[in-house]
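Hello,

Here is the structure I promised to pass on to you. Have a look at it first, and then read on for what turned up.

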Amino acid sequence: MSVVGGLTPSQGGRRIALTAIRLPLPCSAGVRFLPGLKAGASSEEPGDGRASDDILSVIPADPHWQPDRTAAERAAALVRELAPGWPDGIPAETDVDWYDLPDAIDCGANLERIGCPHCGATIDRDWYRDPVEGHPDGFPTLAVHVPCCGTATSLDALDYEWPCGFARFEIAVWNPGRGPLTDHELAAVAQALGSPVRQILAHI
């Protein structure tokens, strides 16, 4: 849900949107950012008339960690300040979500490759997509055995190009009007939240 002033937890607005595009437009379709969208614009994909969105998500580095309400409000306010949307366009909307279990925070159509952190092999995207779609309410465990070499690892330890993550808390800015946060900005958000953070850039 949109957060304008005070902080109201929502229940997976981003998750619903990303899930909605997986079947008609899976990551394996090879869709990339349009050149004009890399800074965070909302547009329409050429030829199909479908509105598209960019999402800048900030999540804790620890997929199981959640902040208290005060820290969440402080960090969300800072992220809104850093990513307000285009000056001459519609202001960005911010979702603040708590999840009962770690949820997949993926990069949508930006995903280019998933690699094994142990043997370096490319992992079939269907192998990743199937459990993500099969756990709409989150993951009781992130532990997996990779299909390439059979090594035990964690879903959040795979090599994603572009970055993906898993989290029980997310600040998601829809159409932020900018590119990724800088290291300095991420450090400031981490200080406000009380936990190291990472960012996920999604295109849907």
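A question to start with: which residue of β10 does S57 stand opposite? The partner is I200. Please keep in mind that this is a predicted model.

That pair belongs to a wider contact. S57 is one of the residues of strand β3, which covers residues 54–60, and β3 is joined to strand β10 (residues 197–203) by 7 bridges, with the two strands running antiparallel. Strand β3 has another partner as well: 4 bridges pair it with β9 (residues 165–174), again in the antiparallel sense. In that pairing, I55 faces W174 of β9.

How much of β3 is covered? Of its 7 residues, 7 are buried. The side chains point two ways: D54, L56, V58 and P60 go one way, while I55, S57 and I59 go the other, and all of them are buried.

Now to the cysteines. How many disulfides does a search of the whole structure find? The count is 0. C107 is in no disulfide, and its nearest cysteine sulfur, in C164, lies 3.7 Å away. Since a disulfide calls for sulfur atoms within 2.5 Å, that distance is why the pair does not count as one. C107 is buried, at a relative accessible area of 1%. C119 is likewise in no disulfide; the sulfur of C148 is the nearest cysteine sulfur, at 3.6 Å. C119 is partly exposed, with a relative accessible area of 43%.

Enjoy exploring, and best wishes!

Key. Residues are numbered from 1 along each chain as its sequence is written. This is a predicted model: local features need pLDDT of at least 70, side-chain atom pairs count only at pLDDT 80 or more; totals for chains, interfaces and linings use all residues. Side-chain values use heavy atoms; hydrogens and water are left out. Buried means under 20% relative accessible area, exposed over 50%, partly exposed in between (1.4 Å probe, protein chains only). Two strands pair if DSSP finds at least two bridges between them.
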